[in-house]
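Subject: Structure for your files

Hello,

The structure you asked for is below. My notes on it follow directly after.

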Amino acid sequence: MLGDFAYSNPTRIHFGEHSMDSLRRELEGYGPNILLVYGGGSIKRNGIYEQVIAILKECGKKVTELSGVMPNPTVEKLYEGCKVARECQADLILTVGGGSCCDYSKAVSASAYCEEDPWDKYFLRMEDVSNKIIPVGCILTMAGTGSEMNGGSVITNHSSKLKLGHIFGDNVFPKFSILNPRFTMTVPFYQMVSGCFDIMSHILEQYFSGEDDSASDYIMEGMLRSLINSTRVAVEDPQNYEARSNIMWLATWALNTFVAKGKTTDWMVHMLGQAIGAHTDATHGMTLAAVSLPYYRLIMPYGLAKFKKYAISVWDVRPEGKSDAEIAEEGLKCMEAYMKEIGVVLDSRELGVNEDILEGLAESTVILKGGYKVLTHDDIIRVFRESMRS
Ligand code: NZQ
Ligand code: ZN
């Protein structure tokens, strides 16, 4: 481990089949005005909405509903939410949904009383919150982003073709999150595997960075092995509670700041994927899947030792009689076969990428410096072009 750090996480997690029972106790801590945030209506079809409303009524809360949060929430929707949150004088934002609802609610939490344009302040200038924050509580219905236990919030601005994240501080993390793996059982197959790959990418983007002997890397190898195993089970049998509960818990720990402590991290796959999202509005995890292999093949020579370790420790590649580059490439081949097996998108054309938008994608890509190679403009174009041929 190289770096000094402080570690704490303010989000209280209630996990398991009976975790909704904890909502009553959590609600006691807040005033009467609840802003109930949800997405396009899946919670009405699977019965979660009714359960939440019954508990809110029982607790005597006054509920204002803010629905229609879309996957990849937009800046226009953020402005709408700020207005509604102020008008109802929300004491708590209770969000019921996947990462989009959770991210959105954190953005509203920090923006409702912000006197400037929150897009400029938080997403372009990356400033901290300096105004009143509305607490957020989360009932998670889809596993993937880790938004339930972190300060991340990703907002899409279609007019400027930017999809940008802001990492808010501890004061904006959800105060509590209710994680019932049963709630994830109705997630459509495409979204389920997209979420599983999102988790994998979160782990890999913290793993493929640094040269030191970091305990975090060994923890991540264990997490990857569990994730690969549980995803395979869930793909065969989506109703398998054990697999879905493992996936949900792994998603939370993959991005609740824990495995990033004491090490550098990369995050370029997310920057490339978010550029695709900004142009095509494609499903988040699938954008990551489409660019991952071209990106990793590009940076592999610069971080060969870690790619070799990945191949051996995660994919059980036998090293005998092989060069480091051969071992590393075999690891990526195993990953590729796995991605095909679970059915994630390997060709970005399926997401709407084409030759005409390559320059635009490159312009929308934020370049970070924590990985094994700082990408040039040509590198970025190459990754996007190769993502169309996978
Ligand atoms: O809108 P509803 O009707 O709820 O339907 C959603 C949506 O269509 C559906 N869904 C969710 N739970 C369901 C369900 N359908 C049936 N049954 C259920 N139980 O699934 C669709 C996708 O939901 P969404 O919330 O968009 O997915 P996800 O959790 O993948 O969130 C994606 C967003 O999170 C951001 C992404 O960029 C994207 O905007 N991220 C946030 C991060 C963070 N806060 O740290 C990190 C991630 O890397 C990611 O960038
Ligand atoms: Zn992600």
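H202 is buried at 2% relative accessibility, where buried means under 20% relative accessible area, exposed over 50% and partly exposed in between, with a 1.4 Å probe and protein chains only. D198 is buried too, at 3%. Both residues belong to helix α7 (residues 189-207), where they are four residues apart, about one turn of the helix. Helices here are DSSP runs of H or I with at least four residues, strands are runs of E with at least two, and both are numbered from the N terminus.

Before the rest, the conventions. This is a predicted model, in which local features need pLDDT of at least 70 and side-chain atom pairs count only at pLDDT 80 or more, while totals for chains, interfaces and linings use all residues. Residues are numbered from 1 along each chain as its sequence is written, chains are lettered from A and ligands numbered from 1 in the order in which they are written, and side-chain values use heavy atoms, leaving out hydrogens and water.

Zinc site

D198 and H202 are among the protein donors of the zinc ion (ligand 2); the full set is D198 (OD), H202 (NE2), H270 (NE2) and H284 (NE2), at 2.0 to 2.2 Å from the ion. A donor is an N, O or S atom within 2.8 Å of the metal (3.2 Å for Na, K and Ca); water is not among the atoms, so sites may look incomplete. Along the sequence the donor residues follow the spacing D-x3-H-x67-H-x13-H.

Loop residues

Two residues other than glycine have positive phi values: T257 at about 85 degrees and W267 near 75 degrees. T257 sits in the loop between α9 (241-254) and α10 (268-280), and W267 lies in the loop between α9 and α10. T257 is partly exposed at 27% relative accessibility, whereas W267 is buried at 17%.

G60 is in the loop between α3 (48-58) and β3 (62-66) and is exposed, with a relative accessible area of 56%. Its C-alpha is 10.0 Å from that of L27, with the two positions 33 residues apart in sequence numbering.

Cysteines

How many disulfides does a search of the whole structure find? The count is zero, a disulfide being a pair of cysteine sulfur atoms within 2.5 Å. For C82, the closest cysteine sulfur is in C114, 8.0 Å away, which is too far for a bond. For C196, the closest is in C138 at 18 Å, again too far for a bond. C82 is buried at 4% relative accessible area, and C196 is buried at 2%.

Salt bridges

Side chains of opposite charge can pair when their charged atoms come close. The structure holds 25 salt bridges, each defined as a side-chain nitrogen of Lys or Arg within 4 Å of a carboxyl oxygen of Asp or Glu.

One of them pairs R12 with E26, with 2.7 Å between the closest N and O atoms. This pair links distant parts of the chain, 14 residues apart: R12 is in strand β1 (residues 12-15) and E26 in helix α1 (residues 23-27). E26 is buried at 7% relative accessibility.

E80 pairs with K77, the closest N and O atoms being 3.2 Å apart. These two are three residues apart in helix α4 (residues 75-87), so about one helical turn separates them. E80 is partly exposed at 37%, but K77 is buried at 8%.

E336 and K340 form a further bridge, with a closest N to O distance of 3.7 Å. Salt bridges that share partners join R297, E329, K333, E336 and K340 into one network. Both E336 and K340 lie in helix α13 (residues 324-342), four residues apart, about one turn of the helix. K340 is exposed at 56% relative accessible area.

Overall figures

The protein has 15 helices and eight strands. Its radius of gyration is 21 Å, which agrees with the value near 21 Å for a compact globule of 390 residues; the radius is taken over C-alpha atoms and the globule rule is 2.2 Å times the number of residues to the power 0.38. Along the principal axes, the C-alpha atoms fill a box of roughly 70 × 40 × 40 Å. Of the 390 residues, 57% count as buried.

Regards
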